[in-house]
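Trainee: Please pick one aromatic pair and go through it closely. Then show me how other parts are described in the same way.

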Amino acid sequence: MQNIDIALLHDDAGDRLAGLGRWWLDPVNGRITLSAVAASFFGTGRHPDCLARIEPDDRALVHATLDRIRKGDGGAECEFRVRTDGLGLRWLRLQQTGTSATGILVDVTAARQAAARERFNFALTQYLVGTDSIDDAVTGILQLVCEELGWEWGAFWAVDDRTGTLRCRYAWQAPRQALAPFRAASARLAMAPGEGLIGTVWDSGEARWIEDASGAADLLRAEAARACGLQSAYFFPVTFVASDACLMRPGVLEFFSVQQRQPDAQLPGLAKSISAMIAQAVERMTQQERIRVRAQTDEMTGLANRAHFYDQVDRQCRDARAGQTFGVLFVDLDQFKPINDAFGHDAGNVVLTTFASRLRALAPPGWRIGRLGGDEFALLSAPGVTPQELERVAESVLDAARRRFVYGEHRLAVSASIGISTYPDHGGCTRELLHAADAAMYASKRNGRNLASRFSGDGAPADAGHRIGLLTDLHCAIRRGEFFLEYQPIRTTTDMDIDAVEALIRWRRPNGEIVPPNVFIPLAEQSRLIVDIGRWVVRQACHDLARLRAAGLGGVRVHVNMAAPEFIDAELPDRLTAIAAAAGVDPRGICLELTEGVVMKHADKSIAIMRELRRRGFGIGLDDFGMGYSSLSLLKNLPIGSLKIDRLFMAGVPYDRNDCAIVRSLLDLGRHMKLTVVAEGVETDAQLGYLRQFGCPLVQGWLPGRPVPLERLFDLIAQPQAA
């Protein structure tokens, strides 16, 4: 043994430089002898019972490897974990030298941790990319960290908007760990920023490590931690800098272990990347939620817009149980148009916003409210409503409409006509229920207004006469020449020259009454008259474009809106080409606009038709971009040349940071995809200045110009607006 010890002393110096330990196995008694370097890996003496330090889950693997060595097998090796007093959990690799009962021992903790970090970061990235819910993201990350890095408890603390205190919003624990007292203590606790350990970490933005949770007085749950055997803990803030350069602090992450860990464990090294990824996910999903809410909200009243209200009715029809009933109230304000005519649109807006607030106040819990357009509103009851409850709410709505509306020194008077339909008696889908409620509403108007009428389910809708009359007039309107077009300028932001115009259809009855497009267009779409109207619009627009060209205005293009039934017709390219040829105009002067909904619902047909139209020279534009549900993967494959930013997103520019962020993102998207971007709804100089600053090429709205007849358009083009 003396000769061996001398050799070891010599070898230890070289081993220490190389970071290698040596071991010898006595095949007879199975005793292992370690060099000084190898012993240091275990944190033990020279000849310890080292197997006692190996993690229980890895002991069988080590025993199997040693058995192979005792049998004289060669090339045996394994990797296992040991728990040391000073260095925490370590990974060691045991390798046999040839076929002898000797070999080397290497500390591979750093390599193992690096591989684990890469694995963890990849899993974390994949997880965050694949989730659209903040709740799912945070709870999933807590579980991922605990399971991958070996912690028994993880929680996320966030500020409660109502109280301003930090509370435990999400928590995860190892399934086999008894942590009920600690979970209960965490659920009860609320801390002000700067109070306790969590509040201090949130307030200071600095991470904290504690080796003995039971002795940390500022933990505020030390007694519960001691009862559950929790020892080491790590706390770090989640922060990020938002697009407006403001520092955002969503909350604090905490992790606890029943083992005594050291501050150089993996978690502190990963904390910054975990925090950054969570922050990015929170910011991305928050932005998505804002866009979603804006796409579903009427910008003036804050109520659900038409599309979202229809979606809510769709969902309730789909989820209704057998025998369950609910109701729809269709509300139209009486005498609203005279207020607009007499006092202007500002007065009308006061009436609409005030009435919307009154509807919110009177609606029972579980009811949904929407503005369908103009002065039309609708209410969707909660499931299980009785006919008596529907009538009580309808009476409240009538009373809300009768109360005076204050505009400056004026007290304005209106009333409401209401139609009521119920599921499933009057329909099993949104279209049928809204049609029935609309029919009942027209019955209220015919019977003197200021009334609520229930739909007649005897097969003769109360508004049959009105609808038949309107449809008959629509059929005759084209032949009688009652339709006409107005053109709204689309101007460049650089010098405010007219780059293009959008053709907008109008209907003037023989008695001079102008029927709003939101009244006759939906009816035309339901009756398929929209195809005939669309063909008339294209022919008239081409005819007017020829007049513009004849007047020497060759650079102005005409944008024409297309409806879904038109754009899924395989004969559309031939028909439009023939119309343009008959008018003597180049298809390149015509841009056909369609909404995201047309593309999404009929992608297989519409995209092929779009490509053929582009091949023939027609421009294709995407209208109301951001209001539908199209994906970027679909957008990149669309053969379009332009897109319009919907007026909804321009409403808060340049003062609302969310609107500004959305508009900038859409401008960047258009720029990178080489699409011409048109911003709709531009009404103020401040909005125009903002768009100029961020490179928006074209604008449309009341500031660039209101819709005008063709004759007036000649004057506008001849006298450019001052930039």
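Mentor: What follows starts with the whole chain, goes to the pair, and then visits a helix contact, a loop and a cavity.

This is a predicted model, in which local features need pLDDT of at least 70, side-chain atom pairs count only at pLDDT 80 or more, and totals for chains, interfaces and linings use all residues. Residues are numbered from 1 along each chain as its sequence is written, and side-chain values use heavy atoms, with hydrogens and water left out.

The protein has 26 helices and 27 strands (DSSP runs of H or I with at least four residues, and of E with at least two, numbered from the N terminus). Of its 723 residues, 48% are buried (under 20% relative accessible area with a 1.4 Å probe and protein chains only; exposed is over 50%, and partly exposed is in between). Among contacts with a separation of 6 or more, 63% join residues 24 or more positions apart; contact means heavy atoms within 4.5 Å.

Now the pair. The structure holds 16 aromatic pairs (rings of Phe, Tyr and Trp, the last by its six-membered ring, with centres within 6.5 Å; planes under 30 degrees apart are stacked, over 60 edge-to-face, the rest tilted). One of them is W151 with W209: the ring centres are 6.1 Å apart and the planes stand at 85 degrees, so this pair is edge-to-face. W151 sits in the loop between α5 (134–149) and β6 (153–159), while W209 belongs to strand β9 (residues 208–210), so the two are 58 residues apart and the pair links distant parts of the chain. Both W151 and W209 are buried. They belong to one aromatic cluster, together with Y234, F236 and F255.

A helix contact is described by its geometry and its residues. Helices α10 (residues 306–319) and α14 (residues 430–446) pack at about 115 degrees, with axes 9 Å apart (axes are lines fitted to C-alpha atoms over the stretch in contact, and angles run from 0 to 180 degrees between N-to-C directions). From α10 come Y310, V313, D314 and C317, which meet T430, L433 and L434 of α14. These residues divide into five nonpolar, one polar and one charged (Ala, Val, Leu, Ile, Met, Phe, Trp, Tyr, Cys and Pro are nonpolar, Asp, Glu, Lys and Arg charged, the others, Gly among them, polar).

The loop between α9 (266–296) and α10 holds D298. D298 is buried, at 12% relative accessible area. Beyond its neighbours within four places in sequence, D298 is in contact with L303, A304, N305 and R371.

Last, the empty space. There are two cavities of 30 Å³ or more (a cavity is a set of points on a 1 Å grid over the protein atoms alone where a 1.4 Å probe fits but cannot get out; lining residues have an atom within 4 Å of a point). The second largest has a volume of about 50 Å³ (the space filled by probe spheres set on the points, which are joined across faces, edges and corners). Its lining consists of G534, R535, V538, M562, E566, L572, R575, L576 and I579. Two elements give two or more residues to this lining, α17 (529–550) and α19 (572–583). Helix α19 gives the most, four residues. By class, the lining has five nonpolar, one polar and three charged residues.

Note on methods: 1 Å grid on protein atoms, 1.4 Å probe; cavity = no way out; pocket = protein on both sides within 12 Å on 5 of 7 lines; lining within 4 Å.
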